[in-house]
Amino acid sequence: MTHAQRTRAATDAATTGTGAPHEGALTVTTEGLPDWLEPVARAARTVRAQQLSRFLPPESGAGRQSAVLILFGEGERGPELLLMERSGTLRSHAGQPSFPGGSLDPEDGDHLTTGPLRAALREAEEETGLDPSGVQLFGVLPRLYIPVSSFVVTPVLGWWRTPSPVGAVDPAETARVFTAPVADLTDPANRATAVHPSGHEGPAFLVESALVWGFTAGVIDRIVHYAGWERPWDRTRQVPLDWRA
């Protein structure tokens with residue numbers, strides 16, 4: 001099943017109530033999106049996994065099925081993205097800024113249809129305290145892979161239609177919750193290349209007193225690019241990481 005077919009299946013199951021049990025309440029729609037989000041919705045319909053990352057899910061089907069919520073809202077400085085900083089005591093990706101999200105639970109349903117939609121909203125509520133009823137899901141990106149933790153990740157796109165208060169619900173999991181203005185994410189002064197001691201290099205963003213790198217920065221980088229928001233930036237500017245990263 002291709003990404004387009006999986007996306008249609010998820011959307012159909014979400015809007016018609018078919019698919020795994022308890023999935024009928026979910027809806028995926030682009031209706032009523034603000035104009036500035038249309039380029040993201042358009043890119044989500046056509047982008048391929050290979051255009052987002054070189055790390056793709058194993059063909060064997062191995063990996064821990066998970067989902068993240070890429071939630072766009074509108075704040076005092078215009079469009080913004082909801083991010084969180086993971087607790088430094090977690091076993092995987094400790095201390096890293098990330099999208100809200102996590103592993104699928106059995107009650108979330110089929111990982112090939114609407115399971116990731118439910119998991120993304122559930123995890124975001126558990127981690128940040130946001131009210132899922134104020135979130136409009138408008139797209140699903142192709143599944144990607146995080147080799148270091150064996151996560152198969154489905155990025156779910158959301159519009160924060162009705163904002164609600166957010167914050168770190170459980171300090172053992174979440175150190176803080178913050179929003180990063182899109183204007184800052186696209187500002188060349190806030191962009192760099194993160195260099196890990198292992199030799200891995202990838203995009204990074206220095207926003208809201210945080211260094212966003214790894215999987216999260218990679219997805220943001222590609223969204224910014226395919227939405228046409230990218231501005232020329234100095235790719236030779238490097239930010240070194242240490243072995244604990």
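A residue counts as buried when its relative accessible area is under 20%, as exposed when it is over 50%, and as partly exposed in between. With that in hand, let us walk through this model, which is predicted, beginning with a residue that falls in the middle class. E208 has a relative accessible area of 35%, so it is partly exposed. Look for E208 in the loop between β10 and β11. Its phi is near 50°, a positive value in a residue other than glycine. That is worth a second glance, as most residues other than glycine have a negative phi.

Now widen the view to the strands around E208. Strand β10 covers residues 201-207, and β11 covers residues 210-212. The two run antiparallel and are joined by 3 bridges. One pairing to pick out is that of L206, whose bridge partner in β11 is L211. Together β10 and β11 make a hairpin with 2 residues between them, and E208 sits in its turn.

Step back along the chain and you meet another hairpin, this time made by β9 and β10. Strand β9, residues 191-195, runs antiparallel to β10, and 5 bridges hold the pairing. V195 of β9 has E201 of β10 as its bridge partner. Here 5 residues lie between the strands, and the residue in the turn with a positive phi, about 105°, is G199. Strand β10 thus pairs with β9 and also with β11.

Which loop holds S150? It is the one between β6 (144-146) and β7 (151-160). Like E208, S150 is a residue other than glycine with a positive phi, in this case near 60°. Its relative accessibility is 29%, so S150 counts as partly exposed.

From the loops we can turn to the helices. Helix α4 takes in residues 115-128, 14 in number. From its first C-alpha to its last, α4 reaches 20 Å, close to the 20 Å expected at 1.5 Å a residue. Is α4 largely enclosed or largely open? Of its 14 residues, 11 are buried, so the helix is largely enclosed by the rest of the structure. Among the buried residues are the nonpolar L117, A119, A120, L121 and A124, and the charged R122, E123 and E127 are buried as well. After the helix comes G129, with a positive phi near 80°.

Helix α6 can be read in a similar way. It has 13 residues and spans 19 Å from first C-alpha to last, close to the 18 Å expected at 1.5 Å a residue. Here too the helix is mostly covered, with 10 of the 13 residues buried. The buried set includes F215, T216, V219, I220, R222 and I223. Just after α6, G228 takes a positive phi of about 80°.

Two buried strand residues help to place α6 in its surroundings. L81, in strand β2 (residues 78-86), has a relative accessible area of 3%, so it is buried. Setting aside residues up to four places away in sequence, L81 touches I220, itself one of the buried residues of α6. Its other contacts are I70, L71, F72, F99, F178, T179, A180 and L185. The C-alpha atom of L81 also lies 9.6 Å from that of W159, although 78 residues separate them along the chain. S98, in strand β3 (residues 97-98), is buried too, because its relative accessible area of 10% falls under the 20% cut-off. Leaving out neighbours within four places in sequence, S98 is in contact with T216, another buried residue of α6. The remaining contacts of S98 are L83, M84 and R86, and these lie within the span of β2.

Our last stop is an internal space. How many cavities of 30 Å³ or more does a search of the whole structure find? There are 3, and the second largest has a volume of about 70 Å³. Its lining is made by V40, A43, A44, V47, L52, L141, R222, I223, Y226 and A227. Both α2 (38-46) and α6 (214-226) supply at least two residues each to this lining. By class, the lining has 9 nonpolar residues, no polar ones and 1 charged residue; the charged one is R222. R222 and I223, both lining residues, also belong to the buried set of α6.

Conventions: Residues are numbered from 1 along each chain as its sequence is written. This is a predicted model: local features need pLDDT of at least 70, side-chain atom pairs count only at pLDDT 80 or more; totals for chains, interfaces and linings use all residues. Side-chain values use heavy atoms; hydrogens and water are left out. Two strands pair if DSSP finds at least two bridges between them. Helices (H or I, at least four residues) and strands (E, at least two) are DSSP runs, numbered from the N terminus. The expected span of a helix is 1.5 Å times one less than its number of residues. Buried means under 20% relative accessible area, exposed over 50%, partly exposed in between (1.4 Å probe, protein chains only). On a 1 Å grid over the protein atoms alone, a cavity is a set of points where a 1.4 Å probe fits but cannot get out, and a pocket is an open set with protein on both sides within 12 Å along at least five of seven lines; lining residues have an atom within 4 Å of a point. Grid points are joined across faces, edges and corners, and a volume is the space filled by probe spheres set on the points. Contact means heavy atoms within 4.5 Å.
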